[in-house]
Amino acid sequence: MQGWFSIMIMIGLGAGFALFSVVLSSLLGPRHPTPEKSAPYECGMPAVGDARERQSVKFYLVAMIFLLFDIEVAFLYPWAMALRDLGWSGFIQVVIFVTLLLAGYVYVWRKGALDWGNETTRREDTRKVA
């Protein structure tokens, strides 16, 4: 029962802090919003265009590739912590893992998934070189 009591105390403290923050912001916050105060703040730049415009598929592809490689690299940390316990077999397994990861990266790079330039610009650049 002691473990549950400490969990309930933490939940109570979290809920109390959230309630306190909401009440304090309503008491101390602005009372007369103007259109300028209600406008979205975008890093000091005025908002331009529609927020719902279509993004390129390459943006999502690069984001998914980043997540894939980021998660795979996160598996290297536990391996590094247990390196002495794993011995040579663990080392060989991680070398194979990193080799497959590198092969995937080279494949994605060769397919052009990481190129952000415009297709016409790339074609013109290759014509200039040749």
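## Fold at a glance

Read from one end of the sequence to the other, the protein chain runs α-α-α-α-α-α. That makes six helices and zero strands. Keep in mind that this is a predicted model.

Helix 1 covers residues 2-28, helix 3 covers residues 57-74 and helix 5 covers residues 83-111. Those three come up again and again below.

## Surface and burial

There are 130 residues in the protein chain, and buried ones make up 8% of them. The accessible surface comes to about 12,100 Å², with 69% of that belonging to carbon and sulfur atoms.

As for contacts, take the ones between residues at least 6 apart in sequence: 60% of these join residues at least 24 apart.

## The core between helices 3 and 5

In soluble globular proteins, nonpolar side chains tend to be buried together. Here, the largest nonpolar core has five residues, namely Ile65, Phe69, Leu101, Val108 and Ala113. Helix 3 and helix 5 are the elements that give two or more residues to this core.

Leu101 is a handy member to click on. Leaving aside residues up to four places away in sequence, Leu101 touches Phe69, Glu72 and Val73. Its sequence neighbour Leu102 also sits in helix 5, but Leu102 is exposed, with a relative accessible area of 52%; the cut-off for exposed is over 50%. From Leu102 to Phe69 the C-alpha to C-alpha distance is 9.6 Å, with their positions 33 residues apart in sequence.

## Aromatic pairs

How many aromatic pairs does the count come to? The answer is three. Take Phe69 and Tyr105: their ring centres are 5.9 Å apart and the planes meet at 80°, so this pair is edge-to-face. The angle cut-off behind that label is over 60 degrees. Phe69 belongs to helix 3 and Tyr105 to helix 5, so the pair ties together parts that are 36 residues apart in sequence.

Is Phe69 buried or exposed? Phe69 counts as buried, because its relative accessibility is 16% and the limit for buried is under 20%. Tyr105, at 37% relative accessibility, counts as partly exposed. Phe69 is also one of the five core residues, and Phe69, Tyr105 and Trp109 form one aromatic cluster.

Trp88 and Phe91 make another edge-to-face aromatic pair, at 5.7 Å centre to centre with 90° between the planes. This one stays inside a single element: both residues lie in helix 5, three residues apart, which is about one turn of the helix. Trp88 is exposed, with a relative accessible area of 68%, while Phe91 is partly exposed at 35%.

## A greasy patch on helix 1

Which residues make the nonpolar surface patch of about 770 Å²? They are Phe17, Leu19, Phe20, Val23, Leu24, Leu27 and Leu28. Phe17 lies in helix 1, and at 57% relative accessibility Phe17 counts as exposed.

Put Phe17 next to Phe69 when you look at the model: Phe17 is exposed, whereas Phe69 is buried and part of the largest nonpolar core.

Conventions
Residues numbered from 1 in each chain as written. Predicted model: local features only at pLDDT ≥ 70, side-chain atom pairs only at ≥ 80, totals over all residues. Heavy atoms only, no water. Phe/Tyr/Trp six-rings, centres within 6.5 Å; stacked < 30°, edge-to-face > 60°. Helix = DSSP H or I, 4+ residues; strand = E, 2+ residues; numbered from the N terminus. Buried < 20%, exposed > 50% of the residue type's maximum accessible area, 1.4 Å probe, protein only. Patch = residues over 30% accessible without salt bridge, like charges linked within 9 Å, V, L, I, M, F, W, Y side chains within 5 Å. Areas by Shrake-Rupley, 256 points an atom, 1.4 Å probe, with all protein chains shown as cover. Salt bridge = Lys/Arg side-chain N within 4 Å of Asp/Glu carboxyl O. Contact = heavy atoms within 4.5 Å. Core = buried A, V, L, I, M, F, W, Y, C linked by side-chain atoms within 4.5 Å.
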